[in-house]
Amino acid sequence: MIRVLVADDHPIVVQGITRFAEVEPSFEVTASAGGVEALLELAQAHEVDVISLDVQMPGMAGPRTVEAVTRFGAPILLFTLHPIDAAIAALVHAGARGYLPKSSSLEDYVDALHALHRGERRLPPELEALLDAPAAQAPDEILTPRELQVFERLASGETTKEAAFALGLSASTVYTYSDRIRRKLGVRTQAELVRVAASWDLDG
């Protein structure tokens, strides 16, 4: 029997999965958590085979959360309403092994649990296609420390001149960094840059 830890802040989802597990002999809900803090505590305290993770719950910090959870050894299934995008691809890069939308059937959910328990990945083709995109990697993985400083300033909404003043650089230097950052992240405009930055905080 597969032991599952369900991390989701919607009680109806947790209750639905738990009740289904009562009549489905192949898995059981060992524990449930409504936030990341509780998830980390329970993952350490319980023997778990698969972690079912909603990516939009209290305490989520994007890839950093996934990296922290993977240290416990259980594969992570992203079970969420969040659509497939670069942010979800980044969570896979950070260690998640599967993705399943909440519109899926319970049979698909069980199938995904078994696949991950066997050591397989369960990812839709459109998500696989995103995994090589630059924006699917964390900015601190592909930007230099100085580029990351400029990225954080611009992503917060500052203009080139404002970022230059705050960092003690010339506007032309910040513009050069900005152009380099956009090319590395695969975006064309500052608006797209802001969207990439926002995708790293999936706590809504």
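Student: What makes Lys-102 count as buried?

Tutor: Its relative accessible area is 18%, and buried means under 20% relative accessible area, with exposed over 50% and partly exposed in between (1.4 Å probe, protein chains only). Lys-102 is therefore buried. This is a predicted model, where local features need pLDDT of at least 70, side-chain atom pairs count only at pLDDT 80 or more, and totals for chains, interfaces and linings use all residues. Residues are numbered from 1 along each chain as its sequence is written, and side-chain values use heavy atoms, with hydrogens and water left out.

Student: Where does Lys-102 sit, and which residues is Lys-102 in contact with?

Tutor: Lys-102 lies in the loop between S5 and helix H5 (106-117). Helices (H or I, at least four residues) and strands (E, at least two) are DSSP runs, numbered from the N terminus. Contact means heavy atoms within 4.5 Å. Leaving aside neighbours within four places in sequence, the partners of Lys-102 are Asp-8, His-10, Val-13, Asp-54, Phe-79, Thr-80 and Leu-81.

Student: Phe-79 again! What stands opposite Phe-79, and how do you know that S4 and S5 pair?

Tutor: Opposite Phe-79 is Leu-100 in S5. Two strands pair if DSSP finds at least two bridges between them; strand S4 (residues 76-80) and S5 run parallel and are joined by four bridges, so they meet that definition.

Student: What makes S2 and S5 edge strands?

Tutor: The open sheet has five strands in the order S2-S1-S3-S4-S5, with parallel pairing. Strand S2 (27-33) and strand S5 (98-101) each pair on one side only.

Student: Now the helices. Why is H8 called oblique to H9?

Tutor: The axes of helix H8 (residues 145-155) and helix H9 (residues 160-167) come within 9 Å and cross at roughly 130 degrees. Angles under 35 degrees count as roughly parallel, over 145 as roughly antiparallel, 65 to 115 as roughly perpendicular and the rest as oblique. The crossing angle therefore makes H8 oblique to H9.

Student: And why is H8 roughly perpendicular to H10?

Tutor: H8 and helix H10 (residues 171-185) pack at about 90 degrees, with axes 9 Å apart. That angle makes H8 roughly perpendicular to H10. The residues of this contact divide into seven nonpolar, one polar and four charged. Here Ala, Val, Leu, Ile, Met, Phe, Trp, Tyr, Cys and Pro count as nonpolar, Asp, Glu, Lys and Arg as charged, and the others, Gly among them, as polar.

Definitions and conventions:
Axes fitted to C-alpha atoms, helices over the stretch in contact; angles between N-to-C directions.
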